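Let's take a walk through this one together. Keep the picture open as you read, and go back to it whenever a new piece is named.

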Amino acid sequence: MPGAALLTVRDLRSYLATSHGVVRAVDGVSLTVHEAEVVGIVGESGCGKTVTCRTIMGLMPTRTLHASGEIIYHPHGERNLLGAPRREMQALRGSHLAMIFQDPMTALNPVRTIGDQLVEAVTAHARLTPREARARAVGLLERVGIPAPAQRMRDYPFQFSGGMLQRALIAIALASSPRLLLADEPTTSLDVIIQDQILGLLAELQRETGMSMILVSHDLAVVSGICDRIVVMYAGQVVEQGTTEDVIGRPSHPYTQALLDAVPHGEGRGELRSIPGSPPSLIDVPDGCRFSPRCPHALGECRTWETELIETSGPGRGARVRCWRYRELGKERRWHAHDLA
Amino acid sequence: MSTTWATSPSELLLRAAARSAGRRRSLLRRRITLICGLAMLAVAILACTLAPLLTRYSPTAIDPAGILKPPLSPHHLLGTDQYGRDVLARILYGGRIDLAIAFGATSVTLVGGTVIGLAAGYIGGRVDSFLMRLVDLFFAFPFLVLIIAIVAMLGPGVFNMFVAIWMTSWVSYARIMRAQTVVAKKQQYVIAARALGYGRLRVMFRHILPNTAPAVLLFSMVDAVGNIILAASLGFLGLGAQAPAPEWGTMISDGQNYILSAWWLATLPGLAVVFVGVAFSLIGDGLADLLRAGER
C-alpha cells in the first residue's frame, strides 16, 4: 500500500540547553514515512518521541535548541526543513503537516468557542466566505463524530468531554487536509473505550483521505493495531524499526522484547513483566548500548561498544536493530499484531 | 463546604439546589458591584457633559459682590470661592478635564503597553531585552518625579499632562502583559495554534491576548483612578490645568489657603475625586469577579 517517500528524517539530533546541562533528547534518529503509511513511534516516557515530532514541526523553542540532521518533506522539494525560514515552515504547518496533542483539555484556547477556532483553522490556508467556512467547519465536526455539530459550534472547550475535545482537535488538524498527521500520544489521557474510538476514527480518516500518519505512543498495543511500520525508541535513539509484523512477531532488540512482555496479549499467555529500572538521564548518557544497564542479556562488551543500527532483513524490508547480539537474542515469537488487544 | 455525607438522594438534590441558589445570589452580588460602579460613573459623566444645563453660572465668571459664600446659600448650592465663582459650576466643568484624563490617558497607555508587552513576551530575544530594559529605565525613576520632570520640560498645561502620562505609564501594562504572555506562549493551545501554521500576529492577538487581557483590563481600572489623582496632583502643583480653568486638583490647591475660613473650597472637589475614584474601583472589582467567575 505505501507509495513514494513523503517525509525523510536523517540523523536528527535535538539537544536542549537546560540549567542542568545539555539534554540529548533526540540523538540521531532516522526514519521515513511513505505516502498513505502509518508509522508508529513507541518508547517509554522521556525517550524523545515528543521532541522528535515537535522538531519535525519546527515547534521547539529556537533559543535553547541545538538541532542538526535533515528533515525532508518531499512534496516541498529536497530542501532541509531544519533551519528553514519561519514563514516557509508556517506555510507548511497546517496545510501539509498537522499535529494533534497528548492532552486535548489544554490544546484548545479556553476562552474561545470550538466553532470559532474551527472556522479559523478552516480559513487559515484557504480563501472561503464566512458561510462556506462555517459549513465546512460543521461538516468536519460531523465527520469526526460529534452529535448535533451545529449546536456544539457555540460551546466552549470546557463544555466538551476529553474524548469530544480530541475529536474536535482532530477536526481542526484536518481542516486544511494535511498530507501528514503527527499524532503525539493522542489517546494517553483518555479512558480505554474512548481511546479505542479515537484510534478507530484516526485509522478511518487516514484510509479515507490517504494521508500519512505518525502515531506516537508508549503503548505497543495501540501502535500495533493501526500502524504499517513501527519505530521503537529508547533514550533518544531508534533501537529497532521494521514492519509491524517484523517488530511484533520477531522482536530482535531486548528492549522491544521487554516492552512486549509488559503488554497483556492473547489469553493468559505468561505473566506480565515490567522492565526494571528507568530510562537513563539524557544529560549523562551511558557509554555503549544505552539499554545495557537494564538489559537482562547485557555483556561486558555491551557497556563499552558503540552500537549501530544493523540491517537485519533482506533489502527493501528495512528492518533494523541496534543490538549486536540480535541473531542469538532475536527469538521467533508466536505473537501477531492482532494478539495485542 | 460541608463534610457530612448526604443520607438520602433527596437530601443530595436539596443540597444541590441550595448551592446553585447560593451561586446565583453571589453572582448577582458581584454584578451589583459592577452595576453600582457603572451607575456612579455614568452619573459623573452625565453631570460633567450636561454641566450647562445643570448650572446657569460660568465656571470662570467672577462676582466680587458674592465671595466665599458657604454651601446651601441662596443661588449657590455649593457656595462660591474667593472670587465669587460658583463652586458647583467649577466642579462640573472641572470634571470634564479629570474624566478626559481618566479615559484619554488610560486608554492610550492600556493599548500601547499591552501591544508592547505582548510583542516583547511573544517574540522574545533581543526585542524583549530592549523593551524590558526600557521599561526598567522608566521604573527606575520615582513615577511622579518623572512626570513632573516631563511636564516641566514641555511646559505646564492639560495636553502636556496627557503627553507625560502617555510617555510613562505604559510601562506597567507592558510589564504585566509580558509576564502573562511568557506564561501563555508555553501553553499547549498556543503550540497547537502554531502547529496549524498561524502567523505570529494571529497567535499573539487572537490566541494569547484573549487569555491575558483580563489582567491588564483590571489594572487599567486602578490606573484610571491613579490618573485622576495624578491629574489632581499635577493641578495642585500648578503643572496641570492653568488658572482660571477649573480642574479638581487646581481647585483643591487654591482652596487650601482658605481651609480654615472656607472649608468647602478644597473639600468639595476632593469629594468629587473620591466619587469618581470609588466608581472606577467598583467597576474594577466587579469586572474581576465576573472574569474570575467566567474561568470557573
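How many residues does the contact take from chain B, and how many from chain A? There are 15 from chain B and 24 from chain A. Keep in mind as you look that this is a predicted model. On the chain B side, α7 (188-195) and α8 (200-236) each bring at least two residues to the surface that touches chain A. The largest share comes from α7(B), with six residues. Sort that side of chain B by class and you get seven nonpolar residues, seven polar and one charged.

Now let's turn to chain A. Its domain assignment gives domain 1 (5-96 + 180-339) and domain 2 (107-177). The C-alpha centres of these two domains of chain A lie 30 Å apart. Where they touch, the contact takes 13 residues from domain 1 of chain A and 13 residues from domain 2 of chain A. On the domain 1 side, helix α7 (residues 192-209) of chain A gives the most, namely seven residues. That side of domain 1 of chain A has eight nonpolar and five polar residues, with no charged ones.

Next, find the sheet in chain A. It is an open one with eight strands and mixed pairing, in the order β5-β6-β7-β3-β8-β9-β11-β10. At the edges stand β5 (97-100) and β10 (310-311) of chain A; each has a single partner strand, so one side of each is left without a neighbour in the sheet. The partner work at the β5 end is easy to trace: β5(A) runs parallel to strand β6 (residues 180-184) of chain A, and four bridges join the two. Look there for Met99(A), which stands opposite Leu182(A) in β6(A). Helix α1 (residues 49-57) of chain A lies across β3 (38-42), β5, β6, β7 (212-217) and β8 (229-234) of chain A, at about 150° to β6(A).

Further along the sheet, β8(A) and β9(A) form a hairpin with two residues between them, and Ala235(A) in the turn has a positive phi of about 50°. These two strands pair in the antiparallel sense over six bridges, and Ile230(A) has Gly242(A) in β9(A) as its bridge partner. β9(A) also pairs with strand β11 (residues 320-321) of chain A, again in the antiparallel sense, over two bridges. There, Glu240(A) is matched with Val321(A). Six of the seven residues of β9(A) are buried, so this strand is largely enclosed by the rest of the structure.

Helix α10 (residues 254-261) of chain A is largely enclosed too, because six of its eight residues are buried. Among them are Tyr255(A), Leu259(A) and Leu260(A). The buried residues of α10(A) pack against β3, α8 (220-226), β8, β9 (237-243), α9 (244-249) and α11 (326-329) of chain A.

Last stop: the cores. In soluble globular proteins, nonpolar side chains tend to be buried together. Here the largest nonpolar core has 117 residues, and those touching the most other members are Leu118(A), Leu141(A), Ala168(A), Ala171(A), Leu182(A) and Ile214(A). Helix α6 (residues 162-173) of chain A supplies the largest share, eight residues. Both domain 1 and domain 2 of chain A put at least three residues into this core. Apart from it lies another core, of 49 residues, including Val87(B), Leu99(B), Ala232(B) and Ile252(B).

Methods. Residues numbered from 1 in each chain as written. Chains lettered and ligands numbered in written order. Predicted model: local features only at pLDDT ≥ 70, side-chain atom pairs only at ≥ 80, totals over all residues. Core = buried A, V, L, I, M, F, W, Y, C linked by C-beta atoms within 7 Å. Buried ≥ 20, exposed ≤ 12 C-beta atoms within 10 Å, placed from the backbone. Domains from an automatic or database assignment. Contact = placed C-beta atoms within 7 Å. Nonpolar A, V, L, I, M, F, W, Y, C, P; charged D, E, K, R; others polar. Pairing = 2+ DSSP bridges. Axes fitted to C-alpha atoms, helices over the stretch in contact; angles between N-to-C directions.
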